[in-house]
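Before a label such as "buried" or "paired" is accepted, it is worth asking what stands behind it. The exchange below takes several such labels in turn.

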Amino acid sequence: MNDAAFWIERLDLRPHPEGGYFRETYRAAETIAGTALPARFDGPRAFASAVYFLITRDAFSAFHRIRSDELWHFYAGDAVTLAILDADGTGRLTTESLGRNPARGESPQVVIPAGTWFAAEVTSSGSFALVGCTVAPGFDFADFELAEQASMLRQYPQHRGVIERLTRTG
């Protein structure tokens, strides 16, 4: 079976600020004018964008949020657990399992709504997962916010364990 190093090399993946490895595979040539987008966007955005994204047991996707909806697709490796904090301010934590085995509660696609704090890790027994992420309107680093552990712990103290496990200190 192919391992993480195989996919990183074959797909020319690079480290991502939230953790893991990625490469953009698609960015729509057309854009949506900033004036036609919700106020949370500060300028024009591509219609959509897509990336390959790979995480390992050690290179998890730390809590972050973006201003667009993000659709995760499962491709290869082990299942992924997505930890999702409701964007409505209730502080409710849910998990979704991204993978290929519906008998174990896994789904091949998971949608993360715009503005939602979330993180992802390979399931406890796994070593890596190769997924894809499609964002609409298209991803822009101006729309990306990496969670600060101390701030997250103040806002969601009831979720200390998962926050400490899926954020980076600093």
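The questions and answers that follow concern a predicted model.

Q: Why does the radius of gyration of the protein agree with that of a compact globule?
A: For 170 residues, a compact globule would have a radius of gyration near 15 Å, and the protein has 16 Å, which agrees. Along the principal axes, the C-alpha atoms fill a box of roughly 45 × 40 × 35 Å. Buried residues account for 47% of the 170 residues, and among contacts with a separation of 6 or more, 74% are between residues 24 or more positions apart.

Q: What makes up the open sheet, and which strands are its edge strands?
A: The protein has three helices and 13 strands, and six strands form an open sheet in the order 1-2-5-12-7-10, with antiparallel pairing. Strand 1 (14-15) and strand 10 (109-112) are the edge strands, since each pairs on one side only.

Q: Why do strand 1 and strand 2 count as paired?
A: Pairing needs at least two bridges, and strand 1 and strand 2 are joined in the antiparallel sense over two bridges, so the requirement is met. Pro 15 has Tyr 21 in strand 2 as its bridge partner. The two strands form a hairpin with five residues between them, and Gly 19 in the turn has a positive phi of about 115 degrees.

Q: How many bridges join strand 2 to strand 5, and how many join strand 7 to strand 10?
A: Strand 2 is joined to strand 5 by six bridges, the two running antiparallel, and in this pair Arg 23 stands opposite Tyr 52 in strand 5. Strand 7 (residues 69-77) is joined to strand 10 by four bridges, again with antiparallel strands, and here the bridge partner of Trp 72 in strand 10 is Val 110.

Q: Why is His 16 called buried or exposed?
A: Buried means under 20% relative accessible area; His 16 has 13% relative accessibility and therefore counts as buried. His 16 is placed in the loop between strand 1 and strand 2. Leaving aside neighbours within four places in sequence, His 16 is in contact with Tyr 21, Phe 22, Phe 53, Phe 141 and Phe 144.

Q: Why is Phe 22 not given the label buried?
A: Phe 22, which lies in strand 2, has 21% relative accessibility and counts as partly exposed, because the buried class requires a value under 20%. Not counting residues up to four places away in sequence, Phe 22 touches eight residues by name: Asp 12, Leu 13, Arg 14, Pro 15, His 16, Val 51, Tyr 52 and Phe 53. Phe 22 and Leu 54 are 32 residues apart in sequence, and their C-alpha atoms are 6.3 Å apart in space.

Q: Which class does Asp 140 fall into, and why?
A: Partly exposed lies between the 20% and 50% limits, and at 29% relative accessibility Asp 140 therefore counts as partly exposed. Asp 140 lies in the loop between strand 12 and strand 13 (144-146). From Asp 140 to Pro 44 the separation is 96 residues in sequence and 9.8 Å in space, C-alpha to C-alpha.

Q: What makes strand 11 largely enclosed by the rest of the structure?
A: Six of the six residues of strand 11 (residues 117-122) are buried, so the strand is largely enclosed by the rest of the structure. Trp 117, Ala 119 and Glu 121 point one way, Phe 118, Ala 120 and Val 122 point the other way, and all are buried. In a regular strand, side chains alternate between the two faces of the sheet.

Q: How do you know that strand 11 pairs with strand 6 and with strand 8?
A: The test is at least two bridges. Strand 6 and strand 11 pair in the antiparallel sense over two bridges, with Ser 61 opposite Ala 120. Strand 8 (residues 80-85) and strand 11 run antiparallel and are joined by six bridges, with Val 80 opposite Val 122.

Q: What lines the largest pocket?
A: The largest pocket, with a volume of about 210 Å³, is lined by 18 residues, of which His 16, Glu 18, Val 51, Glu 70 and Phe 139 lie nearest its centre. Strand 5 gives the most to this lining, with four residues. By class, the lining has eleven nonpolar, three polar and four charged residues.

Note on methods: Residues numbered from 1 in each chain as written. Predicted model: local features only at pLDDT ≥ 70, side-chain atom pairs only at ≥ 80, totals over all residues. Heavy atoms only, no water. 1 Å grid on protein atoms, 1.4 Å probe; cavity = no way out; pocket = protein on both sides within 12 Å on 5 of 7 lines; lining within 4 Å. Points joined across faces, edges and corners; volume = space filled by probe spheres on them. Nonpolar A, V, L, I, M, F, W, Y, C, P; charged D, E, K, R; others polar. Rg over C-alpha atoms; globule rule 2.2 N^0.38 Å. Buried < 20%, exposed > 50% of the residue type's maximum accessible area, 1.4 Å probe, protein only. Contact = heavy atoms within 4.5 Å.
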